[in-house]
Every structure is written in C-alpha cells, then in structure tokens.
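Biologist: Can you put the model up? I'd like to walk through it.

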Amino acid sequence: MEVSDILRISFIVVGIILFCVTMTSLAKRKMTESFCMIWGGVSCLLVLAGILLRPVILKNYISTTGLVILALGIYCMICGAYILSTMISDLTRKNRELAIQVSILQRECEKNRERLDKMEGVGVNEEDTDNH
C-alpha cells in the first residue's frame, strides 16, 4: 500500500468520522445549525477528496514520517476548530436565552409600572375626596 492510498483512505475515514461527530453534536444541541452545516460541508469535501484525488507522485515530495507529522498537525487544527465551534455555539445559545429573559423582565417591569401608576392614580383621587 502506497503513501497516496493511505492518504486517500485517511481522508475518507476522517470525513465520515467528522460527519458522524457533527450529526451527534447537532442531536445533542452542542452546536448550532449553521456550524453543523459548515462542518457537514467540510466532511463531505474530505470524503470527496479521498475518492476523487489521486496523488501519484506524493512520495517524491514528502516522506512517510513527514506525512504522519502533517496528519497530526491537521488533526490538532481540526480538533481545535471543532472545540472553538462548540464554544461559540454554546455562547450564542446562552446569549439568545439571556436576551429572551431580559425581554420578559422588561415586559414584567412595564406591567408593574402600569399597576403602580393605576394605584397612585386611585390614591390621589381618594385623597382629593377626603379633603373636600
């Protein structure tokens, strides 16, 4: 098995694993839909790259050890970007929840002000009738 075949197989496997992890994250609500769409596209591109690309003279440009080091670097970058995506998705979800809670509190505050204005209006009318 040549280096190019190993690279193609690893692209396909990483693409499938990335797609499964993305779908799991979407199901568990760890990531928002927009990020899942992006990661799904990246995983599909990896699978297509593994199927369609045929790097026949790759062994002339990079050694097997260099390929392993490059693969580990790319793996770390993918993991870091995925973790960053989940963190941004979590913050986006929390921000949306806080915005909803703030709008609910503002509405309750408006209702309380209206009640207070009505109560003060009734209290002022009672004082006017008591003085006369």
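**Pocket, helices and a ring pair**

Modeller: Helix 4 supplies the largest share of the lining of the largest pocket, 11 residues. Helices (H or I, at least four residues) are DSSP runs, numbered from the N terminus. A pocket is an open set of points on a 1 Å grid over the protein atoms alone, where a 1.4 Å probe fits, with protein on both sides within 12 Å along at least five of seven lines; lining residues have an atom within 4 Å of a point.

Biologist: What should I know before trusting any of this?

Modeller: This is a predicted model, where local features need pLDDT of at least 70, side-chain atom pairs count only at pLDDT 80 or more, and totals for chains, interfaces and linings use all residues. Residues are numbered from 1 along each chain as its sequence is written, and side-chain values use heavy atoms, with hydrogens and water left out.

Biologist: Back to the largest pocket. How much space lies in it?

Modeller: About 600 Å³. That volume is the space filled by probe spheres set on the grid points, which are joined across faces, edges and corners.

Biologist: Which residues are closest to its centre?

Modeller: Ser-10, Val-14, Ala-71, Ile-74 and Tyr-75, out of 22 that line the largest pocket. Helix 1 (3-27) and helix 4 are the elements that give two or more residues to the lining.

Biologist: What classes are in the lining?

Modeller: There are 20 nonpolar, 2 polar and no charged residues. Ala, Val, Leu, Ile, Met, Phe, Trp, Tyr, Cys and Pro count as nonpolar, Asp, Glu, Lys and Arg as charged, and the others, Gly among them, as polar.

Biologist: New topic. How many aromatic pairs are there?

Modeller: The count is 1 aromatic pair. Trp-39 and Tyr-82 sit edge-to-face, 5.9 Å centre to centre, with 70° between the planes. Rings of Phe, Tyr and Trp (its six-membered ring) pair if their centres lie within 6.5 Å; planes under 30 degrees apart count as stacked, over 60 as edge-to-face and the rest as tilted.

Biologist: Where does each partner sit?

Modeller: Trp-39 is in helix 2 and Tyr-82 in helix 4 (residues 64-131), 43 residues apart.

Biologist: Are Trp-39 and Tyr-82 buried or exposed?

Modeller: Both are buried. Buried means under 20% relative accessible area, exposed over 50%, partly exposed in between (1.4 Å probe, protein chains only).

Biologist: And Arg-93, why does that count as buried?

Modeller: Because its relative accessibility is 17%. Arg-93 lies in helix 4.

Biologist: What is Arg-93 in contact with?

Modeller: Leaving aside neighbours within four places in sequence, Arg-93 is in contact with Arg-29, Lys-30, Met-31 and Thr-32. Contact means heavy atoms within 4.5 Å.
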